Amino acid sequence: MSMVLGDKSRFAAEVGEPGPLCRVDLWAAGKWLTCDDNMAYVPQFRRDVLDAAAWLRSGEGSPLPFAGLSAEATHRRLTQRAGDAEETEADYELRGRFRVLLWAPPPTM
């Protein structure tokens, strides 16, 4: 049985069966955020969410880098060449400045 915490039209998390590894689906402003990966290792996920919440409350975030673009369009623009041979160092650094919700360990090669 899953449990929804919050309001999907604002911010919500839907958590699946409890365990060290479980399904966690997130919504913000009615948009499903975890469409690529919704499995979480709960102990690390909990720490990462607390860190992200503290960072957001601190007000240290930057305004979006491209005037007039929505958050979704900004995300697409920042990631369009991610990992591509054409991605410049400046693109990589800019993308890194606007990464949020880093709630998983880096991928291993």
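**Figure 1. The whole chain and the order of its elements.** In these legends a helix is a DSSP run of type H or I with at least four residues and a strand is a DSSP run of type E with at least two, and both kinds are numbered from the N terminus. The model shown is a predicted one, and in it the protein has three helices and five strands, which follow one another along the sequence in the pattern β-β-β-β-β-α-α-α. The C-alpha trace spans about 45 × 35 × 25 Å along its principal axes. Among the contacts whose partners have a separation of 6 or more, 19% join residues that stand 24 or more positions apart.

**Figure 2. Confidence in the prediction.** Across the protein the pLDDT averages 83, and 91% of the residues score at least 70. Strand β1, residues 3-7, is where the confidence is highest, with a mean of 93, whereas helix α2, residues 71-79, is where it is lowest, with a mean of 82. Where pLDDT is low, the predicted coordinates should not be read in detail.

**Figure 3. The hairpin of strands β1 and β2.** Strand β1 and strand β2, the latter made of residues 11-15, pair in the antiparallel sense over five bridges, and the two form a hairpin with three residues between them. Two of the bridge partners can be followed by name: V4 is matched with E14 in β2, while D7 is matched with F11 in β2. In a regular strand the side chains alternate between the two faces of the sheet.

**Figure 4. The hairpin of strands β2 and β3.** Strand β2 also pairs with strand β3, residues 21-28, in the antiparallel sense and over five bridges, and here the hairpin has five residues between its strands. F11, which is the bridge partner of D7, has A28 as its bridge partner in β3.

**Figure 5. A29, in the loop after strand β3.** A29 has its place in the loop between β3 and β4, where β4 is residues 31-32. The phi angle of A29 is near 50°, which is a positive value in a residue other than glycine. Is A29 buried or exposed? Its relative accessibility is 58%, and because this is over 50%, A29 counts as exposed.

**Figure 6. T74 and its surroundings in helix α2.** T74 lies in helix α2, and its relative accessible area is 3%, which is under 20%, so T74 counts as buried. Which residues are in contact with T74, once its neighbours within four places in sequence are left aside? They are L64, P65, F66 and L69. The helix that holds T74 is the one with the lowest confidence, at a mean of 82.

**Figure 7. The surface and the charged side chains.** Of the 109 residues of the protein, 20% count as buried. The protein exposes about 8,400 Å², and carbon and sulfur atoms supply 57% of this area. There are 13 positive and 16 negative side chains, and the centres of these two sets lie 5 Å apart.

Technical notes. Residues numbered from 1 in each chain as written. Predicted model: local features only at pLDDT ≥ 70, side-chain atom pairs only at ≥ 80, totals over all residues. Heavy atoms only, no water. pLDDT = per-residue confidence, 0-100. Pairing = 2+ DSSP bridges. Buried < 20%, exposed > 50% of the residue type's maximum accessible area, 1.4 Å probe, protein only. Contact = heavy atoms within 4.5 Å. Areas by Shrake-Rupley, 256 points an atom, 1.4 Å probe, with all protein chains shown as cover. Lys, Arg positive; Asp, Glu negative; His and termini not counted. Charge placed at Lys NZ, Arg CZ, Asp CG, Glu CD.
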